[in-house]
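Visitor: I am new to reading protein models. Could you take me through this one, one question at a time?

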Amino acid sequence: MKVFITGGSGFIGSHLADRLLARGDEVLVIDNFATCRRDNLKAHPKLKIVEDSICNEKLMNQLMQEFKPDLVVHAAASYKDPNNWVEDALTNVMGTAIVCQAMAKADIKRIIYFQTALCYGLKPVEQPVTLNHPILPRGSSYAISKTAAEDYVQLSGLDFVTFRLANAYGPRNISGPLPTFFKRLTTNQKCFVMDTRRDFVYIDDMIDCIMHAVDGKGNGTYHLSSGSDISIKELFDATTKALNMHFVVEVKPRQPDDVFSILLDPSRTKNEFGWKAHIPLVEGVSKTIQYYNEQGIEETFTHLKEVK
Ligand SMILES: NC(=O)c1ccc[n+]([C@@H]2O[C@H](COP(=O)([O-])OP(=O)(O)OC[C@H]3O[C@@H](n4cnc5c(N)ncnc54)[C@H](O)[C@@H]3O)[C@@H](O)[C@H]2O)c1
């Protein structure tokens, strides 16, 4: 297959690229390296990386026409500065519109998109959240722009799968709680956790699921989640265990713009793809910490406002 991955040097995109290359597929990546390490992807004869933005419409049209992928996996997204609404709108909204329209012009029919669970709002009205939950993204620039982008994907007339994701974690993940814990714990900085719960899926499980969609399964909206949540304190404790440290952590009450729990119902994904997450948290955290120990962490990113 020929697969065009936007944001393909990022956490999810690069793991997907590795999986595709390992089975002999050809991969084209566009990335502006806003939130990823440049060494996530290694040189490979069937991999081409273009350093540019998906907002470069002329280039996107050219890449679609020349590469003629069987499908596009659209993983590029802006989120690193919660106050930079312009960059979020440019990359997430305009960039997605450009991706979809460049695909249509080049007669490329299938797109896979990744949506944030924050599209259900800061306080989801049901647990677990089903696919019928109202869409209420107003709480953050990231959620607003990712939701407008998902709307464009649906409007495009393309054959699409949009995965609404639980929290992904694993090697190369430099956003969210786990890399932050590692960085702080290994540099003797103060640590605390929020009184919140999340649904975590290890990256290998996540890629297994995405591969079903790459290979043509599914049409429409799916939850990519384990269906069970853990407290952030449990995640912290798994991290200290993997680091062989003893640390009693302070649990802080959550901020007004933080969601207590995000538990997504993965029934449709299980039924149609025959997929479920199976890698236990302790195993996934241990592999992730091993990666951080070997590679270090240069930078971490979050779409959440900083908590003092
Ligand atoms: N990781 C998660 O837990 C999670 C949860 C919900 C949704 N998502 C979505 O999944 C997708 C992949 O996320 P990820 O975790 O791999 O994040 P990531 O930051 O590692 O990957 C996103 C990539 O997009 C690139 N990028 C940003 N702006 C760009 C632009 N204008 N042009 C080209 N490339 C650009 C970044 O440099 C980065 O490599 C994103 O769409 C994200 O919104 C991720």
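**A covered strand and its partner**

Guide: Strand β6, which spans residues 159-165, is mostly covered, since six of its seven residues are buried. Note that this is a predicted model.

Visitor: With which strand does β6 pair in the parallel sense over seven bridges?

Guide: In general, strands of a sheet pair through backbone hydrogen bonds, either parallel or antiparallel. One bridge here sets F160 of β6 against I111. Seven bridges hold the parallel pairing with β6, and the partner strand is β5.

Visitor: Is T116 buried or exposed?

Guide: T116 is found in strand β5. A residue counts as buried when its relative accessible area is under 20%. T116 has a relative accessible area of 9%, so T116 is buried.

Visitor: Which residue has its backbone nitrogen 3.0 Å from a polar atom of the side chain of T116?

Guide: A polar contact requires a pair of N or O atoms within 3.5 Å. The side chain of T116 offers a polar atom, and at 3.0 Å from that atom lies the backbone nitrogen of L118.

**The ligand**

Visitor: How many residues surround the ligand?

Guide: By class, the shell has 15 nonpolar, 10 polar and three charged residues. The closest residues are D31, T35, Y79, Y142 and K146. The number of residues around the ligand is 28.

Visitor: Which element gives the most to the shell around the ligand?

Guide: Four elements each supply at least two residues of the shell: α1 (11-22), β5 (110-116), α4 (141-155) and β7 (167-169). The top contribution is three residues, and it comes from β5.

Visitor: What share of the ligand's accessible area does the protein cover?

Guide: Polar atoms of the protein lie beside the ligand at several places. A side-chain atom of N32 is 3.2 Å from a ligand nitrogen, while a backbone atom of A34 is 2.8 Å from a ligand oxygen and a backbone atom of A168 is 2.9 Å from a ligand oxygen. On its own the ligand has 810 Å² of accessible area, and the share covered by the protein is 95%.

**A sheet of three strands**

Visitor: Which strands stand at the edges of the open sheet of three strands, and why is one side of each left without a neighbour?

Guide: This sheet has mixed pairing and the order β12-β9-β14. Each edge strand has a single partner strand, so one side has no neighbour in the sheet; the edge strands are β12 (230-231) and β14 (261-262).

Visitor: Which residue of β14 stands opposite R197?

Guide: Strand β9 covers residues 197-198, and two bridges join it to β14 in the parallel sense. Opposite R197, in β14, stands S261.

**Two buried residues and a domain**

Visitor: How far apart in space are I5 and L131?

Guide: I5 sits in strand β1 (residues 2-6) and is buried, with a relative accessible area of 0%. In sequence, I5 and L131 are 126 residues apart; in space, from C-alpha to C-alpha, the distance is 25 Å.

Visitor: How far apart in space are L235 and F273?

Guide: L235 belongs to helix α7, residues 232-242, and is buried at a relative accessible area of 0%. L235 and F273 are 38 residues apart in sequence, and their C-alpha atoms are separated by 28 Å.

Visitor: Which domain does UniProt place at residues 3-216?

Guide: Over residues 3-216 the chain is 37% helix and 21% strand, with the end C-alpha atoms 12 Å apart. The unreviewed UniProt entry gives this stretch the name "NAD-dependent epimerase/dehydratase".

Technical notes. Residues are numbered from 1 along each chain as its sequence is written. This is a predicted model: local features need pLDDT of at least 70, side-chain atom pairs count only at pLDDT 80 or more; totals for chains, interfaces and linings use all residues. Side-chain values use heavy atoms; hydrogens and water are left out. UniProt positions are given in the numbering used here, feature names are shortened, and annotations may be inferred rather than shown by experiment. A residue is near a molecule or strand if one of its heavy atoms lies within 4 Å of it. A polar contact is a pair of N or O atoms within 3.5 Å; within protein, one must be able to donate a hydrogen and the other to accept it, and residues adjacent in sequence count only if both atoms are side-chain atoms. Accessible areas come from the Shrake-Rupley method with a 1.4 Å probe; for residues, only the protein chains shown count as cover. Ala, Val, Leu, Ile, Met, Phe, Trp, Tyr, Cys and Pro count as nonpolar, Asp, Glu, Lys and Arg as charged, and the others, Gly among them, as polar. Two strands pair if DSSP finds at least two bridges between them. Buried means under 20% relative accessible area, exposed over 50%, partly exposed in between (1.4 Å probe, protein chains only).
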